[in-house]
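Hi,

Here is the structure I promised to pass along. Please have a look when you get a moment; my notes come right after it.

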Amino acid sequence: GAPPALAALQHRLALRRELLLSLMELRKKSVAGLGAAGRHLTAAQAALGHMSPATTAAAATTTGDAATPAPSPAADGAAATSSSSSASDAALGFAEGATRHLLGPAPPRQVKVLAWPDTLAHFRALLEHLQAAVAAVEVKGYRALVAHVEGYARLRANVVARSAAHYLIAGKAWASAAQAAPVDGVAGSAQGPAPAWCLEREAVCDACALPAQHGAGEDVEVFLEQATIAAGNWCQAMLLNPSRTRRRLRRGLEDWGNLYQHALNADNSEGLQKLMAARGWSWTPEPGAEEGEVDLQGPLGTWVVAETARSMLGHLQMGFELSLYEPHEYAMLFWYQHHLYTAWAAALKALHGVKAPVGAALPALPAKGGKGAKKAPPPPPALNAATAKRQAALLAEAACAEVHAHVCSALVRLCLGLGQAGLLPPFSPPFSGEAERYEQRFGAFPRFGVQRP
């Protein structure tokens, strides 16, 4: 067999090679490219599995003996620490002073060199998160894309994996990659329309149950363009670090507010009304949320309300993860989340009821040639598989929202009970009261669709 030092070097080179090849294939942003990227990542994980601390220590010892004489026994703790640090640097292939002559006069940022077990854990997590990003190839449709982004955000991946995940789903990245010149012999991406997992106009059409070639007029087209931008900003915000995600979700609420006005224009346009009649949509119009609003909120406006509630809930819940709230605020926050979940579930149920009911009885018609004879009408056509799947997903999401609303209601009562029992620490802020804290937490939330309680 190969010497330990040579075997360890082979595994390291294999890891680096497969990781770089996977990123090059991922950059192509095609089905074949993502399949190849997944295979390279699997090979990199196999190479990483052979890089045990014992093998690395043996390789570092062999390399150190060949390169430099063995150090004399340390007389104190400082010498022992220096020897250990040198061995660790040799194992990592890192020479601290290699580029020191290239540094400017200002002191460089502090860099923490990980210990070898931490380094293995870092690369193991990186490869797993890149595999999860490559799984976007299985995404088809807007709701599946939203579920993929939310699940990936919960992984708390590092910046390289998060950037790869955003690059794959961003429609703008696809457009720029399609026009990019090859780099090092690797084309930017395949030509043709954006893949099914990209957040493009077609994904928003799928979310709103609109055909890609709707022919409903300019108002609907403007809505789709702005909805693609708003949804793309939401995806980008979800793939940042938690602090920036919360800030971007708060700023993105302005996009949803502007989009709601475009949705009202589209809902009340003649083109969409004709399209709804031709496709057999059933919709009970409701007045707009703004005072004095003359337009009626239709299916597009209701979809914007549902997505806005999703963003507001994400902003509030991120504050718990970042420990931004005091215990005395929990009751108010859970109460507001109960309100948002209830509005979200109502909007999803309204969207589920857009389609005409399947199997509705039609009136019997008199038959020709027979006095008073009646002939049963043919059965109405059933929903196609894609529509049935979308309708089922809407109902499932509405049911989940209702469950969360009940949980938040229970948590409100729990917090109030704990406060009455004196089990929560008392807090009396000297400069703000309940009204000021309410505005601080919810003042930036839009006032359309989801009415502030």
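Below is what I found, from the whole chain down to single residues.

Please keep in mind that this is a predicted model. The average pLDDT of the protein chain is 78, and 73% of the residues reach at least 70. Two stretches deserve some caution. Over residues 62-85 the pLDDT stays under 50, and the model gives that stretch five contacts beyond four places in sequence. Residues 288-292 also have a pLDDT below 50, with eleven contacts in the model beyond near neighbours in sequence.

On the overall build, the protein chain contains 16 helices and four strands. It has 453 residues, of which 38% count as buried. Taking contacts between residues at least 6 apart in sequence, 75% of them join residues at least 24 apart. About 25,000 Å² of the protein chain is exposed, and carbon and sulfur atoms supply 60% of that area.

Now to the interior. The largest nonpolar core has 95 residues, and L210, F223 and W303 have the most contacts inside it. Leaving out neighbours within four places in sequence, W303 is in contact with ten residues' worth of company that includes Y142, R143, F223, W256 and L351.

V149 is another residue to look at, and it sits in helix α6, which covers residues 142-153. V149 counts as buried because its relative accessibility is 1%, under the 20% cut-off. Setting aside residues up to four places away in sequence, V149 touches I169, W234, C235, M238 and L239. From V149 to A165 the C-alpha distance is 8.5 Å, with their positions 16 residues apart in sequence.

Best wishes

Definitions and conventions:
Residues numbered from 1 in each chain as written. Predicted model: local features only at pLDDT ≥ 70, side-chain atom pairs only at ≥ 80, totals over all residues. Heavy atoms only, no water. Core = buried A, V, L, I, M, F, W, Y, C linked by side-chain atoms within 4.5 Å. Buried < 20%, exposed > 50% of the residue type's maximum accessible area, 1.4 Å probe, protein only. Contact = heavy atoms within 4.5 Å. Helix = DSSP H or I, 4+ residues; strand = E, 2+ residues; numbered from the N terminus. pLDDT = per-residue confidence, 0-100. Areas by Shrake-Rupley, 256 points an atom, 1.4 Å probe, with all protein chains shown as cover.
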